[in-house]
Amino acid sequence: MLNRLLARMEELYPEMIELRRLLHAEPELSFEEVKTPTMIADYLERLGVEVKRGVGGRGVVGYIKGGKPGKTVALRADFDALPIMEETGLPFASKNPGVMHACGHDGHTATLLVVAKALMEIRAELPGTVVLIHQFAEELAPGGAIAMIEDGCLEGVDAIYGTHLWTPIPVGEIGYREGAIMAAADRFDVTILGRGGHGASPHETVDSIAVASAVVGQLQHIVSRNVDPLKSAVISVGSFQAGGAFNVIADQAELVGTVRTFDPDVQELLIKRIEEVIQGTCAAMGASYTYSYKKGYPAVINDAVETERFVSSAQAVHPAKDIVEIEPVMGGEDFAYYLQHVPGSFFFTGAGNEAKGLTYPHHHPKFDFDERAMVIAAKGLVSAALHFLQEAKAEQPVSGQDVLKKR
Ligand SMILES: [Zn+2]
Ligand SMILES: [Zn+2]
């Protein structure tokens, strides 16, 4: 059954390309997707897949119920685009000015649709159910995953897999990692409230720029002095705004920054320590402050058993040298939420190709990926899903009949 599916992925490559380019030409922003989910749902219905539309708002969920009993495995692909003016010059470039599929979600969607087509062809032999989760709004917090989970997309699901096409990795390779593979990506905003005045009379003011500078300096010590050296974290101040005139002491200064962590305990420590540093510095220098901390997506934590299962299924399909363990990526992904509910694994499918000039980073106006990566992603997803269903079937407890006999 697996060999037939893998062969179909090769045969259906032209259709993947066609679907991807159709999607690419008509990108839609997060929380504004209308045509894309309709196209997905219509395609799945034409295949005979049982479809739920409007899941969690704009999501689409498809159910492929196998002809044989078994467990349920979910595969997820996101379908939103970004507020970027495309500069690729591709013949299938965005027809929607200022909106672009610059992260590869068009490829994720095309891949999962073709996977659905191939699975429907072997449905009678399938031992269990495959749930297809087509998710809206991955790029913009709070994201679409939470709403889709609340609307029941994980009901009855025993395991989940997903992938991201990834240009930093060359096409042909697959990157996996057990445990944390992507970071929690948070934002903090600080306003230092001083007392403005004449630049010639600093003794009559509280200089918000001097205070904010001290805060920025002190923040650098948190990761090096408070975080366990065997754990990792990032605090970066990305914006510092204050003042407007050369001879005026600024009344207030605004700092905006990001925090990246993998461990929730480290995250809580940073939330607390950042405020203590601001509070202490302001108290010492006579200023006051406001501080707000917004948690983004949590870290993507891959389950050990499902990651091992994924790796062994991928090794059965690809040369072992192409399945590589990667370092965690400091970016965020709302796939994290699915993994908080069911075990699973998220992997990166290499999609870069230097020879073809496909090396632009994700979210760049010239971003494009090697379309061949879709076949590799598709093979990775079907082999993992099939592997899970077949192994789960073997692990299932003895049937009632057998229990009776034993008694
Ligand atoms: Zn993205
Ligand atoms: Zn993405």
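This dialogue takes a visitor through the sheets, zinc sites and backbone features of a predicted model.

Visitor: Where should one begin, and how are the strands of the open sheet of 8 strands ordered?

Guide: Strands of a sheet pair through backbone hydrogen bonds, either parallel or antiparallel. In this predicted model, the open sheet of 8 strands runs in the order β1-β2-β4-β3-β5-β16-β6-β15, and its pairing is mixed. Its edge strands are β1 (50–55) and β15 (323–325), each of which pairs on one side only. From one strand to the next, the twist averages 25°.

Visitor: In which sense do strands β3 and β4 pair, parallel or antiparallel?

Guide: Strand β3 (residues 68–78) and strand β4 (residues 127–135) pair in the parallel sense, over 8 bridges. To follow one bridge, find Val73; its partner in β4 is Val130.

Visitor: Which helices should be viewed together with this sheet?

Guide: Helix α4 (residues 105–121) packs on the sheet and touches β2 (59–65), β3, β4 and β5 (159–170). The direction of helix α4 makes about 160° with that of β3. Helix α8 (residues 304–315) lies across β5, β6 (174–176), β15 and β16 (344–352), and runs at about 40° to β16.

Visitor: What is the strand order of the open sheet of 4 strands?

Guide: The order is β10-β12-β8-β13, and the pairing is antiparallel. Strands β10 (233–242) and β13 (288–294) form the edges, each pairing on one side only. The twist here averages 15° from one strand to the next. Within this sheet, strand β8 (residues 184–193) and strand β12 (residues 252–261) pair in the antiparallel sense over 10 bridges. Thr191, for example, has Glu254 as its bridge partner in β12.

Visitor: Which strands does helix α6 touch?

Guide: Helix α6 touches β8, β10 and β12, and its direction makes about 170° with that of β10. Helix α7 (residues 264–285) lies across β8, β10, β12 and β13, running at about 170° to β13. Gln220 is placed in helix α6 (residues 208–225). With a relative accessibility of 46%, Gln220 counts as partly exposed. The C-alpha atoms of Gln220 and Asp207 are separated by 21 Å, and these residues are 13 apart along the chain.

Visitor: Which residues does the annotation "domain: Peptidase M20 dimerisation" cover?

Guide: According to the unreviewed UniProt entry, that annotation covers residues 187–279. In the model, this span is 37% helix and 33% strand, and its end C-alpha atoms lie 18 Å apart.

Visitor: Which residues are the protein donors of the zinc ion (ligand 2)?

Guide: The donors are Cys103 (SG), His105 (NE2) and His164 (NE2), lying 2.1 to 2.4 Å from the ion. Their spacing in sequence is C-x1-H-x58-H. Cys103 and His105 are both buried; for Cys103 the relative accessibility is 7%.

Visitor: What coordinates the zinc ion (ligand 1)?

Guide: That ion is coordinated by Cys103 (SG), Glu139 (OE), Glu139 (OE) and His363 (NE2), at 2.0 to 2.7 Å. The donor residues follow the spacing C-x35-E-x223-H. Cys103 bridges the zinc ion (ligand 1) and the zinc ion (ligand 2), which lie 3.1 Å apart. Cys103 lies in the loop between β3 and α4, and His363 in the loop between β16 and α10 (372–395), so the pair ties together parts that are 260 residues apart in sequence. His363 is partly exposed, with a relative accessible area of 37%.

Visitor: Why is the arrangement of the 4 donor atoms around the zinc ion (ligand 1) irregular?

Guide: Ideal angles at a metal are 109.5 degrees for four tetrahedral donors. The 4 donor atoms around the zinc ion (ligand 1) subtend angles of 52 to 146°, and the arrangement is therefore irregular.

Visitor: Finally, how should one read the backbone angles?

Guide: Most residues other than glycine have a negative phi, and most peptide bonds are trans. The peptide bond from Ala141 to Pro142, however, is cis, with omega near 5°. Pro142 is in the loop between β4 and α5 (145–150), and Ala137 lies in the loop between β4 and α5. Ala137 has a positive phi of about 45°, and Ala137 is buried at a relative accessible area of 0%.

Visitor: What is the phi of Phe31?

Guide: The phi of Phe31 is near 70°, a positive value. Phe31 lies in the loop between α2 (13–25) and α3 (35–47), and counts as partly exposed at 31% relative accessibility.

How values were computed:
Residues numbered from 1 in each chain as written. Chains lettered and ligands numbered in written order. Predicted model: local features only at pLDDT ≥ 70, side-chain atom pairs only at ≥ 80, totals over all residues. Heavy atoms only, no water. UniProt positions renumbered as here; feature names shortened; annotations may be inferred. Helix = DSSP H or I, 4+ residues; strand = E, 2+ residues; numbered from the N terminus. Pairing = 2+ DSSP bridges. Axes fitted to C-alpha atoms, helices over the stretch in contact; angles between N-to-C directions. Contact = heavy atoms within 4.5 Å. Donors = N, O, S within 2.8 Å, 3.2 Å for Na, K, Ca; no water. Buried < 20%, exposed > 50% of the residue type's maximum accessible area, 1.4 Å probe, protein only. Tetrahedral: all angles 85-135°; square planar, octahedral: opposite > 155°, others 65-115°.
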